[in-house]
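Open the model in your viewer and keep the selection tool at hand. This tour goes stop by stop, from a ligand site out to other parts of the chain.

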Amino acid sequence: MTEPQRVLIFDTTLRDGEQSPGASMNLEGKLEMARALSELGVDILEAGFPIASNGDFEAVREIARRVEGPIIAGLARCHQLDIHRAWDALKEAPRARLHVFLATSAIHREYKLAMAKEEIVRRAVESVKMARELVDDVEFSPEDAARTEPDFLAEVVERAIEAGARTVNIPDTVGYAMPSEFAALIGYLNEHVSNIDQAVISVHCHNDLGLAVANSLAAVGAGARQVECTINGIGERAGNASLEELVMAIKTRADFHGVDTGIDTTKLVPTSRLLCQTTGLAVQRNKAIVGQNAFAHEAGIHQHGVIQNSACYEIMTPADVGLEANALVLGKHSGRHALRKRLAELDYDPSDTELEEIFVSFKSLADTKKEVLDDDLHELMTGASKRVVEIWELVDMHLSSGTTSAATATICLKDRAGRIVKEAACGDGPVEAIFRALGRASGAELSLTDYQIKGLSAGLGGRGEVSVEIEDLGQRHRGRAVGNDMMRASADAFLNVINRVVSAREEQTELVDVYGQ
Ligand code: KIV
Ligand code: ZN
């Protein structure tokens with residue numbers, strides 16, 4: 001059997017990705033991301049567009065100096081100044097690539113560049129030659145290739161290869177192509193560019209119609225051997241092809257594509273999370289591969305199937321992408337199998353009749369909230385009053401906040417023994433100040449994973465519900481409170497969850513004592 005051919009992964013998270021609104025990163029963030037991308041196993045890492053700003057220049061230079069593993073690429077327009085600036089930033093990399101681009105489509109030629117076809121060819125050739133005087137590894141991109149006349153595109157590509165380009169990248173700059181059409185364009189170039197065997201064909205697809213990954217895969221089917229992509233699919237406008245989707249499609253359907261990549265897929269989720277932290281841009285819950293729901297099951301029928309054999313509803317394993325386990329989310333669609341499984345994990349072993357009774361209460365609770373958490377199950381099993389001990393009680397709270405000063409919260413709490421504790425804290429807003437002051441006063445310094453306010457009635461002074469979620473010792477706890485004053489309700493919800501966490505911690509300690517550890 002012949003070895004599957006390798007598709008090179010050209011990551012442009014730090015260049016095209018960073019160009020997307022809200023995705024700017026500082027130097028430290030870029031270096032950390034670049035190291036993570038290197039560990040992920042990307043073949044080429046496009047570190048930035050050095051002429052764009054001094055910050056970009058410095059980031060490319062530092063990555064070139066300090067990040068080992070991938071080829072480090074820098075982008076340049078077909079201008080002498082751009083090419084030299086990019087090379088200055090790249091030259092200390094053990095393996096560097098100059099990536100030069102020039103638009104070729106009629107609309108760009110007429111309105112953006114005001115250049116005729118011959119001038120485009122001349123400039124592309126001169127620039128590739130200029131780049132080749134600096135480094136052997138040169139990539140040429142005819143920008144907006146997917147909307148360029150195929151015969152003219154073939155001419156530009158052929159001349160760029162003749163001038164020394166080792167990779168020719170075919171961008172669908174505005175995400176306009178359809179998969180079969182884009183595959184046909186790659187086929188056309190393969191047939192009509194006489195020296196195409198002297199270069200790697202790359203593709204660079206944008207997601208304006210949600211087809212970036214489909215177009216890239218179609219191009220691979222037609223012979224492209226490099227794909228340009230970004231973590232979480234970030235990039236100009238609707239983004240670029242998502243690296244994790246491309247790589248997992250190639251891996252999961254190796255039978256179909258017959259190619260592979262050098263990516264360590266178990267690093268996909270950690271790298272995606274690092275990017276979210278670095279940019280502050282979250283991925284949607286249902287995002288393929290790395291979204292919170294990608295390996296979560298709520299429907300009873302699915303949960304039953306997954307409990308018997310996860311392959312019933314999972315085409316990849318969570319471990320493949322770097323997740324510890326799938327999640328059976330308990331909600332109104334869940335069934336008895338999932339409820340029994342989770343109860344067993346929490347050390348409850350109800351009889352069949354008990355389970356039936358609990359299942360009825362579980363369903364009515366699930367009708368009132370999105371997700372039934374472990375705390376709720378404990379309450380169902382033992383009774384709410386037994387479970388959540390009122391460890392701390394709010395005696396008084398004073399808040400001050402303004403547009404020019406930090407918000408401050410002063411909190412007075414009483415514990416079970418009647419002891420009074422007072423604490424104050426500042427925050428970016430009153431909610432943060434309350435949270436911090438309560439953490440200090442109760443001694444339960446916690447990190448918040450979710451905070452939501454929901455209006456329950458219309459108008460000023462209407463009632464609202466605050467719900468907060470905290471993760472402690474691997475368990476999630478949710479606190480809730482309702483009221484007319486949202487700051488007071490926030491304090492009550494925080495205190496509610498603090499009481500739950502402290503009770504859970506005390507219970508853990510009791511267990512340890514009982515088992516003598
Ligand atoms: O989308 C595009 O055409 C680009 C090129 C610079 C490759 O990002
Ligand atoms: Zn792009």
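How many nonpolar, polar and charged residues are in the shell around ligand 1? By class, there are 2 nonpolar, 6 polar and 3 charged residues. Keep in mind throughout that this is a predicted model.

**Stop 1: ligand 1**

Select ligand 1 and show the residues around it. You should find Arg-15, Asp-16, His-99, Phe-101, Ser-141, Glu-143, Asn-169, Pro-171, Thr-173, His-204 and His-206.

Now look at some polar side chains. Start with Arg-15: one of its polar side-chain atoms is 3.0 Å from an oxygen atom of ligand 1. Go on to Asp-16, where an N or O atom of the side chain lies 3.0 Å from an oxygen atom of the ligand. Then pick His-206, which has a polar side-chain atom 3.0 Å from an oxygen atom of ligand 1.

How much of ligand 1 does the protein bury? Taken alone, the ligand exposes 260 Å², and the protein buries 94% of that.

Color the chain by helix and strand next. Four elements give two or more residues to this shell: α1 (13-17), β5 (96-103), β6 (138-143) and β7 (167-172).

**Stop 2: the zinc ion**

Select ligand 2, the zinc ion. Which residues coordinate it? They are Asp-16 through OD, His-204 through NE2 and His-206 through NE2, at 2.0 to 2.1 Å. Along the chain, these donors follow the spacing D-x187-H-x1-H.

Trace the chain between Asp-16 and His-206. The two are 190 residues apart, so this pair links distant parts of the chain. Asp-16 sits in helix α1. His-206 sits in the loop between β8 (200-205) and α9 (212-221).

Are these two residues buried or exposed? Residues under 20% relative accessible area count as buried. Asp-16 is at 3%, so it is buried. His-206 is at 4%, so it is buried too.

**Stop 3: β7 and β8**

Select strand β8. Of its 6 residues, 5 are buried, so the strand is largely enclosed by the rest of the structure. Add β7 to the selection. The two strands run parallel and are joined by 6 bridges. Find Pro-171 and look across to β8: its bridge partner is His-204. You have met both residues already, in the shell around ligand 1.

**Stop 4: the loop between β9 and α10**

Move to the loop between β9 (226-229) and α10 (243-252), and select Asn-232 there. Its phi is positive, about 60 degrees, although it is not a glycine. Asn-232 is buried, because its relative accessible area is 11%.

Stay in this loop and select Arg-237. Arg-237 is not a glycine either, yet it has a positive phi of about 50 degrees. Is this residue buried or partly exposed? With a relative accessible area of 45%, Arg-237 is partly exposed.

Return to Asn-232 and ask which side chain it contacts. The answer is Ser-272: a polar contact of 2.8 Å joins the two side chains. Ser-272 belongs to helix α12 (residues 268-279). Ser-272 is buried, at a relative accessible area of 2%.

**Stop 5: helix α15**

Select Val-360, in helix α15 (residues 352-368). Val-360 counts as exposed, because its relative accessibility is 59%. Now add Ser-400 and check the distance between the C-alpha atoms. Val-360 and Ser-400 are 40 residues apart along the chain, and their C-alpha atoms are separated by 46 Å.

**Stop 6: the β17 and β18 hairpin**

Select strand β17 (residues 464-472). It is mostly covered, with 8 of its 9 residues buried. Then add strand β18 (residues 475-483). The two strands run antiparallel, with 9 bridges between them. Pick Val-468 and you will find Gly-479 of β18 opposite.

What joins the two strands? They form a hairpin with 2 residues between them. Select Leu-473 in the turn: its phi is positive, about 50 degrees.

**Last stop: the whole protein**

Zoom out and show everything. The protein has 19 helices and 18 strands. Its C-alpha atoms fill a box of roughly 85 × 60 × 50 Å along the principal axes. Of its 517 residues, 50% count as buried.

Definitions and conventions: Residues numbered from 1 in each chain as written. Chains lettered and ligands numbered in written order. Predicted model: local features only at pLDDT ≥ 70, side-chain atom pairs only at ≥ 80, totals over all residues. Heavy atoms only, no water. Near = heavy atom within 4 Å. Polar contact = N/O pair within 3.5 Å; in protein donor to acceptor, adjacent residues only side chain to side chain. Areas by Shrake-Rupley, 256 points an atom, 1.4 Å probe, with all protein chains shown as cover. Nonpolar A, V, L, I, M, F, W, Y, C, P; charged D, E, K, R; others polar. Donors = N, O, S within 2.8 Å, 3.2 Å for Na, K, Ca; no water. Buried < 20%, exposed > 50% of the residue type's maximum accessible area, 1.4 Å probe, protein only. Pairing = 2+ DSSP bridges.
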